[in-house]
Amino acid sequence: MHGNRIFSFGSLFAFLLIVAVTAIQIKNETTSTSAWSVWLDDLSSLPSNVPFPGEKWLDRIASDSSLSTAAPFAYKNTLYSSVYAAFLDNRPLDYPCRNLNAWINSFFLSPSLAGLVTEQLLSLGISLDMVHYMLCYFRNFIGAMIVYYGTAAAFHYVIYIKNGSTYFADRPMPTAAIMWHQVKLAQASMILYVLLPAVDEYIVESGYTPLVYYTIADIEGLPWYLFYTAVYFLVVEVGIYWMHRTLHTNKFLYKHLHLKHHQYNAPDTLTPWASIAFHPLDGILQASPYVFTLFLVPCHYPTHFAMLFFTAIWATYIHDSMEYNPLVLKKPVIMGSRYHTMHHTHYSCNYGQVLTLCDWFWGTLKEPDTNKWKTMSAANRKSKKIM
């Protein structure tokens with residue numbers, strides 16, 4: 001009952017946000033194909049020495065009548081061309097990380113709507129900087145839903161609708177009830193889970209991570225970029241491995257956090273919809289290595305941002321419990337869905353996220369045996385209950 005209440009609140013919150021944004025946008029904004037093409041032209045014509053997305057986008061949303069978004073914003077006796085210009089203090093190139101986040105936010109909240117929201121929040125005594133991060137949270141929340149439902153729906157179509165009769169000819173297909181249970185848990189978890197990237201954005205933009213850089217030129221060329229990106233990825237992988245393993249070996253953390261996700265303990269209870277069907281603190285802990293590694297290894301911020309996006313898609317893939325994966329994903333080096341299914345059915349193995357390297361090195365790697373999945377599904381279905 002308590003979980004249903006949480007889901008009801010989460011669904012209502014998401015629904016009202018989307019409806020409000022859509023209604024106001026439709027009423028007040030006019031988005032044309034030509035306007036979007038101009039935006040893309042501005043971005044593609046950036047000089048080589050100007051960090052993406054540059055500064056033309058601020059001029060564009062302030063002057064292009066085809067977008068109908070011109071909304072000057074006054075703050076502390078200064079009139080800015082838009083609220084996004086105010087967030088950047090008219091110096092977007094001086095704050096490249098914030099400039100990127102503000103640019104992305106503008107796709108979710110137009111200047112007029114963002115300005116309206118900002119004015120209301122400022123009247124409550126909230127600082128302009130904090131309003132920016134609140135808009136980042138809003139963007140993360142809506143973006144997380146788009147990625148979760150879009151990615152899971154695509155996997156769902158390929159696995160269950162298009163190829164269901166082939167893939168499940170000799171083993172049971174997950175039920176609609178299990179999928180719906182996972183969707184409810186995932187939607188409820190998103191409310192808190194998306195706080196982590198907002199905190200990440202605050203830490204980086206505030207200068208607490210001096211090792212973070214924005215352009216490849218900042219790190220003196222492509223070879224150093226590739227080297228540090230590989231090191232960052234490997235340190236994150238080690239961090240996730242030990243965080244995930246600790247969530248299993250620490251009885252308190254497992255019982256109160258990680259067990260919620262491991263109620264899906266058989267191949268026929270694993271689906272793409274289970275990717276973020278977990279306790280939100282569980283998800284935050286497992287993703288936290290992406291943040292604390294920023295203090296240890298130089299990292300390209302746009303690449304860091306892309307990795308977070310990739311993680312969401314990868315989580316969908318490794319929970320599909322399928323054998324259809326391309327040959328390259330069956331190689332021992334990749335922690336594909338076959339390995340992660342073994343983790344859900346055997347608990348004390350295959351803790352890695354993308355690679356099998358950590359499990360191999362610390363002796364927790366277990367090779368998948370898909371021939372046992374059919375009997376395993378039946379046995380677990382009798383002995384376990386979805387909470």
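Five salt bridges are counted in this structure, which is a predicted model. The tour begins with some of them and moves on to the helices they sit in.

**Stop 1: Arg98 and Glu205**

Select Arg98 and Glu205. Their side chains form a salt bridge, and the closest N and O atoms are 3.0 Å apart. Arg98 belongs to helix α5 (residues 96-108) and Glu205 to helix α10 (residues 195-205), so the pair links distant parts of the chain, 107 residues apart. Are these two residues buried or exposed? Arg98 is buried because its relative accessibility is 10%, and the cut-off for buried is under 20%. Glu205 has 17% and is buried as well.

**Stop 2: Glu201 and Arg139**

Stay in α10 and select Glu201, then add Arg139. These side chains meet in a salt bridge, with 2.6 Å from N to O. Which helices does the pair tie together? Glu201 is in α10 and Arg139 is in helix α7 (residues 128-162), so the bridge joins parts that are 62 residues apart in sequence. Glu201 counts as buried at 2% relative accessibility, and Arg139 is buried at 3%.

**Stop 3: α7 against α10**

Now show the whole of α7 and α10. The two helices pack at an angle of about 145 degrees, and their axes are 8 Å apart. Their crossing is right-handed. To see the contact from the α7 side, select His132, Tyr133, Cys136, Tyr137, Arg139 and Asn140. On the α10 side, select Leu195, Pro197, Ala198, Glu201, Tyr202 and Glu205. What classes of residue make up this contact? There are seven nonpolar, two polar and three charged residues. Arg139, Glu201 and Glu205 from the earlier stops are among the contact residues.

**Stop 4: α7 against α15**

Keep α7 on screen, hide α10 and show helix α15 (residues 301-318). At what angle do α7 and α15 pack? The angle is about 40 degrees, with the axes 9 Å apart. This crossing is right-handed. From α7, the residues to select are Arg139, Val147, Thr151, Ala152 and Phe155. They meet Phe305, Phe309, Ala312, Ile313, Thr316 and Tyr317 of α15. By class, the contact holds eight nonpolar, two polar and one charged residues. Arg139 appears here and also in the contact with α10.

**Stop 5: Asp89, Arg91 and Asp94**

Move to the stretch before α5. Select Asp94 and Arg91, which form a salt bridge with the closest N and O atoms 3.8 Å apart. Arg91 counts as partly exposed, at 37% relative accessibility. Add Asp89 to the selection: salt bridges that share partners join Asp89, Arg91 and Asp94 into one network. Asp89 is in the loop between α4 (83-87) and α5, and with a relative accessible area of 34% it is partly exposed. Its phi is near 50 degrees, a positive value in a residue other than glycine.

**Stop 6: Ser106 in α5**

Follow α5 along to Ser106. Ser106 is buried, at 8% relative accessibility. Select Ile61 too. How many residues separate Ser106 and Ile61 in sequence? They are 45 residues apart, and their C-alpha atoms are 9.1 Å apart in space.

**Stop 7: Phe52 and Pro53**

Select Phe52 and Pro53 and look at the bond between them. The peptide bond is cis, with omega about 5 degrees. Pro53 is in the loop between α2 (33-44) and α3 (56-63).

**Stop 8: Glu220 and helix α11**

Go to Glu220, in the loop between β3 (212-213) and α11. Its phi is near 70 degrees, which is positive in a residue other than glycine. Is Glu220 buried or exposed? Glu220 counts as exposed because its relative accessibility is 68%, and the cut-off for exposed is over 50%.

Next select α11 itself, residues 222-249. The helix has 28 residues and spans 40 Å from its first C-alpha to its last, close to the 40 Å expected at 1.5 Å a residue. Its buried residues include Tyr225, Thr229, Tyr232, Val236, Ile240, His244 and His248.

**Stop 9: Ser288**

The last stop is Ser288, in the loop between α13 (280-287) and α14 (289-292). Ser288 is buried, with a relative accessible area of 14%. What does Ser288 touch, leaving out residues up to four places away in sequence? Its contacts are Leu196 and Met243.

Key: Residues are numbered from 1 along each chain as its sequence is written. This is a predicted model: local features need pLDDT of at least 70, side-chain atom pairs count only at pLDDT 80 or more; totals for chains, interfaces and linings use all residues. Side-chain values use heavy atoms; hydrogens and water are left out. Helices (H or I, at least four residues) and strands (E, at least two) are DSSP runs, numbered from the N terminus. The expected span of a helix is 1.5 Å times one less than its number of residues. Buried means under 20% relative accessible area, exposed over 50%, partly exposed in between (1.4 Å probe, protein chains only). Contact means heavy atoms within 4.5 Å. A salt bridge is a side-chain nitrogen of Lys or Arg within 4 Å of a carboxyl oxygen of Asp or Glu. Axes are lines fitted to C-alpha atoms, for helices over the stretch in contact, and angles run from 0 to 180 degrees between N-to-C directions. A crossing is left-handed if the near helix is turned anticlockwise from the far one by less than a right angle, and right-handed if clockwise. Ala, Val, Leu, Ile, Met, Phe, Trp, Tyr, Cys and Pro count as nonpolar, Asp, Glu, Lys and Arg as charged, and the others, Gly among them, as polar.
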